[in-house]
Amino acid sequence: MGLKACLTDKMGYQLLWVLVVLTLWRTGEGKRSIVEACNSDDLKGLTGLKARIHFDNSGRLEKWVGQSCCNWEGISCDNMTGRVTEINLPGFITRDGAPLQTTMEGWLSHSITHLTFLEVVDLSGLSNLTGRIPPLIGFHLPKLRKLYLFGNKLSGSLPESIAKLSKLEEMYLHENSLSGTLPSGLGSLKNLKRLDLHSNRFSGQITDSITNLTTLVSLNLQDNSLIGHIPGRIGDLQVLEELDLSNNFLTGKIPLSVTNLTAISTIYLDTNSIEGVIPFPASLGQMPSLSFLRLHDNRLTGKIPSTIGYLISLQRISLADNKLEGPIPSSLGNLSSLSEIYLSGNQLSGQIPRSIGQLSQLLVFNVSHNMIQAPLPREVTSLQNLQILDLSFNHLNLSSIPTWLVGLPSLSRLYLARCGIQGEISEYLQSTPSSLQELDLSSNYLTGTMPKWIGSLAQLYLLNLSRNSLVSKIPGSITNLRSLGVLDLHSNNLTGPMNQVFEIQSSFEGGSLVYVDLSDNTFSDGIEQIGKGAQYGIRYLNLSHNYLKGRLPSSVGKLEGIQSLDMSCNEIGSNLPDSMGNLSSLETLKLRKNQFTGEIPRGFLKLRRLKELDLSDNRLEGKIPLGKPLSDFPKSSYTGNTGLCGKPLTPCKV
């Protein structure tokens, strides 16, 4: 009996294992059949989505064939239910290990709402996807957690039904053309952590309900047309780390509750019309993680609070272009992590505090356009990492550039416009420890010549010596400035030829120069080199109010990217070159008070972007070519040319 019982038990176990194996096999087969057989609603939704896309250079949609939608590229399904849970078709993808930007053109089909088990929708960055967000999206996609539709051309409003997406955690709809007001129901999205609607056309006020989103970590509404006040209870967003409301039309004051944002690291409220004082921090320990603060381009008044030194994590601060007054608080020196300070365009007075020397990480210090007074603190010499220093347009009256200032080891951009500097250009500038890239000494009392050593500043991109009393010629060494992009010498007493400027060597196609202003000097020749050398990528060229003679060369037509050309008040003669009709980017053309003769070339009718034209007080004759844009300019654009006729002047005689 014992042996029989043992055999019976053994057979029972074997039978059990067979049953288990069969069950697992059938379950696997079942899963496979579920995955392969796409749910009819899901299939309808996906085929409808594909049908509205008429161009896809990624080639993903052309592989959407057959009934097994769970095997389609960009589609993910639940292994148990077989329902589609994710659509991942972003424009930016990786292929063969390399990043690739792809595009889809077409319409966002509302059939997407048939996929009621969707948790993730990523149709971001497709560039040319148009249409509207389905108005009933909130009623049909109750499981949706992530919605990425940014970087497209979607229009219309944000549907009120969006408030029904109770599981939504992330919504990125930025860089579209969405409009209308923000739905009041946004505050119902209790699980929302990240909301990004920047660079759209939303208007109206920021709904107060947004302060109910207590799980919100990031809120970005910048670059819209929002009005009204910042919600007073913004401080209720206790876990908020990033707040960007910049570039709107917000008014009112910064709410006091902002000091309750204990997790905040970034506050961007710039480029609005916000008024009042800076209300934070009120005490030590508030906003301990705040690293980036932008309040520029507002209407803030009062002083920079001395408590600013409590923001121990601050790395960048921009308070520029407000109405702030009083001294720069010495407590700024307590912010050991501070790397960038922008305080320009206010009414700040007093002296730069000596504590500035404690900011060992400082890279940028801009206090231009204030009422800061001398002396400069010698503690500035401790700023071993300072790269950009702008002290322009203050009440400094330096007389000369301090040698210790020029000796800063990392300084590459130095702006000292209207700082009362006198005498010749300091020779110390030719041997700075770090190569100068930008130098602005405009609106001072500089005399003497442009030094020959200026050509040794091999990395120089910007040189502004305008509004001084410099004399003599442009040194030939200037042709060595291969990286020069901005040259402003206007309003001096410079003489001789200017051809050296157009003969500057370049390592770039079209040359490095983009902005050239040599106006209000006494240059006499050199225009024959325009467009002949390596510098034909110039965008802005002003040679007005000189004594330039000769004829405008046909090579001027090579400046195909030029947007503004001003040669007014010279003695340039002969015919206007036909090649000027090639200047298709030209928006401003001023040639008044010269000695141009002959007819206006018909090629000027090709200057479709021309918005400002002044050919007055020359010796032009004949009929003004009929058509846009020439016929649309006022009579004043052509007066003083006794031989000209035709619209908008008097009709030509037959």
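Domains, strands and a surface patch in a predicted model

Reader: How is the chain divided into domains?
Author: The model is predicted. The chain is divided into two stretches, given here by residue number. They are domain 1 (40-105) and domain 2 (299-396).

Reader: How far apart do the centres of domain 1 and domain 2 lie?
Author: The distance is taken between C-alpha centres. For domain 1 and domain 2 it is 53 Å.

Reader: Which feature does UniProt place at residues 40-78, and how far apart are the end C-alpha atoms of that span?
Author: The UniProt record, an unreviewed entry, names "domain: Leucine-rich repeat-containing N-terminal plant-type" there. In the model the span is 31% helix and 18% strand. Its end C-alpha atoms lie apart by 15 Å.

Reader: What does UniProt place at residues 284-495, and what are the helix and strand shares there?
Author: The unreviewed UniProt entry gives "domain: Disease resistance R13L4/SHOC-2-like LRR" for this span. Its end C-alpha atoms are 60 Å apart. The shares are 2% helix and 22% strand.

Reader: Which strands join S14, and through how many bridges?
Author: Strand S12 (residues 177-180) runs parallel to S14 (residues 201-205), with two bridges. There, serine 179 has arginine 201 as its partner. S14 also runs parallel to strand S16 (residues 225-228), and serine 203 is bridged to serine 225. So much for the partners: S12 joins through two bridges, and S16 through three.

Reader: Which strands stand at the edges of the open sheet that contains S37?
Author: The sheet has three strands, in the order S35-S37-S39, with parallel pairing. An edge strand has a single partner strand, so one of its sides is left without a neighbour in the sheet. That description fits strand S35 (471-472) and strand S39 (522-525).

Reader: Which residue in S37 is the bridge partner of serine 472?
Author: S35 pairs with strand S37 (residues 493-497) in the parallel sense, over two bridges. In S37, serine 472 is matched with leucine 494.

Reader: Which residues form the nonpolar surface patch, and what is their accessible area together?
Author: The patch is made of Leu284, Tyr310 and Ile312. Ile312 sits in the loop between strand S22 (299-300) and strand S23 (316-318). Together the three patch residues have an accessible area of about 310 Å².

Reader: Is isoleucine 312 buried or exposed?
Author: The cut-off for exposed is over 50% relative accessible area. Isoleucine 312 has 51% relative accessibility, so it counts as exposed.

Notes. Residues are numbered from 1 along each chain as its sequence is written. This is a predicted model: local features need pLDDT of at least 70, side-chain atom pairs count only at pLDDT 80 or more; totals for chains, interfaces and linings use all residues. Side-chain values use heavy atoms; hydrogens and water are left out. Domain bounds come from an automatic or database domain assignment. UniProt positions are given in the numbering used here, feature names are shortened, and annotations may be inferred rather than shown by experiment. Helices (H or I, at least four residues) and strands (E, at least two) are DSSP runs, numbered from the N terminus. Two strands pair if DSSP finds at least two bridges between them. Patches are made of residues with over 30% relative accessible area and no salt bridge: like charges are joined within 9 Å, nonpolar side chains (Val, Leu, Ile, Met, Phe, Trp, Tyr) within 5 Å. Accessible areas come from the Shrake-Rupley method with a 1.4 Å probe; for residues, only the protein chains shown count as cover. A salt bridge is a side-chain nitrogen of Lys or Arg within 4 Å of a carboxyl oxygen of Asp or Glu. Buried means under 20% relative accessible area, exposed over 50%, partly exposed in between (1.4 Å probe, protein chains only).
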